[in-house]
Amino acid sequence: VDALTGAPIGDAFVFLVMMPKPGAPPAPRRNLQQLTDRKGRFVFADVAAADGYTISTRRFAYFDGAFGAEPGSGTGTSLMLAEGDWFSRADIRMWPAGAIAGVLVDEHGDPVVGAYVRVLRQIMIAGRLHLAAGPPVTTDDRGAYRIFGLDPGKYLVCAPMVKASLPAADPFPAELSVDVD
């Protein structure tokens, strides 16, 4: 389900992976996969008994999910299944990826075509706030850009300008602080 709206997510890949027993000799891992239906449902039948299975999901425009996982953790809860067990509720919340979009215009209001735009994310390292650069995108023929796949956080949107066009008092006129939820 969509973690924000609670709506079912159809056509998501669901992966069931048998984890090897600690200390057991290496054995081939048994991986099963399927797509959810339009109501977000999935069923794995005839699953062998095991001390550990993980269930994870993947879908375009969402961050990967896992059964029992908290946002950003990437790891979920391991399931133990005995012979004949039926596990009826493996709900998995998936978080939609964020995006920032805009239009870059010059001082006359005309679109800036082919300009690089980049986001800088505020991150904490060793108790100090730093900026981490994301991948650049270019504006289209309308000056529009879209940067997607963003984690929740604070971002600075930057578009480099030609030095001669920068006003002396404000060296970063194209910056904009944006919160992504």
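## Strands, salt bridges and cores in a predicted model

Biologist: Val14 has a partner across in strand 3. Which residue stands opposite Val14?
Modeller: This is a predicted model, so read each value as computed. Look across from Val14 into strand 3. The residue opposite Val14 is Thr57.

Biologist: How many bridges join strand 1 to strand 3?
Modeller: Strand 1 covers residues 13-18, and strand 3 covers residues 50-58. The two run antiparallel. The number of bridges joining them is six.

Biologist: Which residue of strand 4 stands opposite Thr57?
Modeller: Strand 4 is made of residues 65-66. Two bridges join strand 3 to strand 4, and the pair runs antiparallel. Opposite Thr57 stands Gly65.

Biologist: Strand 3 and strand 4 form a hairpin. Which residue in the turn has a positive phi?
Modeller: Six residues lie between the two strands of this hairpin. One residue in the turn has a phi of about 75 degrees. That residue is Ala61.

Biologist: Strand 3 also pairs with strand 5. Which residue of strand 5 stands opposite Ala50?
Modeller: Strand 5 covers residues 79-81. Strand 3 and strand 5 pair in the antiparallel sense, over two bridges. Ala50 stands opposite Leu81.

Biologist: How far apart in space are Ala48 and Leu81?
Modeller: Ala48 is in the loop between strand 2 (31-35) and strand 3. Ala48 counts as partly exposed, at 32% relative accessibility. In sequence, Ala48 and Leu81 are 33 residues apart. In space, C-alpha to C-alpha, the distance is 7.8 Å.

Biologist: Now the charged pairs. Which residue meets Arg41 in a salt bridge?
Modeller: The structure holds five salt bridges. In one of them, the side chain of Arg41 meets its partner at 2.8 Å, N to O. The partner counts as partly exposed, at 28% relative accessibility. The partner is Asp37.

Biologist: Arg89 and Asp91 also meet in a salt bridge. Is Arg89 buried or exposed?
Modeller: The two side chains meet at 2.6 Å, N to O. Asp91 is partly exposed, with a relative accessible area of 45%. The cut-off for exposed is over 50%. Arg89 has a relative accessible area of 57%, so Arg89 is exposed.

Biologist: How far apart in sequence are the parts that Asp151 and Arg121 tie together?
Modeller: Asp151 forms a salt bridge with Arg121, the closest N and O atoms being 3.5 Å apart. Asp151 lies in the loop between strand 10 (144-150) and strand 11 (153-158), while Arg121 lies in strand 7 (residues 116-125). So the pair ties together parts whose separation in sequence is 30 residues.

Biologist: Are Asp151 and Arg121 alike in exposure? What does Arg121 count as?
Modeller: Asp151 counts as partly exposed, at 33% relative accessibility. Arg121 has a relative accessible area of 25%. Buried would need under 20%. Arg121 is therefore partly exposed.

Biologist: Which residues touch the most other members of the largest nonpolar core?
Modeller: This core has 16 residues. Strand 1, strand 3 and strand 5 each supply at least two of them. The residues that touch the most other members are Tyr53, Ile55 and Phe67.

Biologist: How many residues are in the other core?
Modeller: The other core lies apart from the largest one. Its members include Leu104, Ala115, Val119 and Ala159. The residue count of this core is 11.

Definitions and conventions. Residues numbered from 1 in each chain as written. Predicted model: local features only at pLDDT ≥ 70, side-chain atom pairs only at ≥ 80, totals over all residues. Heavy atoms only, no water. Pairing = 2+ DSSP bridges. Helix = DSSP H or I, 4+ residues; strand = E, 2+ residues; numbered from the N terminus. Salt bridge = Lys/Arg side-chain N within 4 Å of Asp/Glu carboxyl O. Buried < 20%, exposed > 50% of the residue type's maximum accessible area, 1.4 Å probe, protein only. Core = buried A, V, L, I, M, F, W, Y, C linked by side-chain atoms within 4.5 Å.
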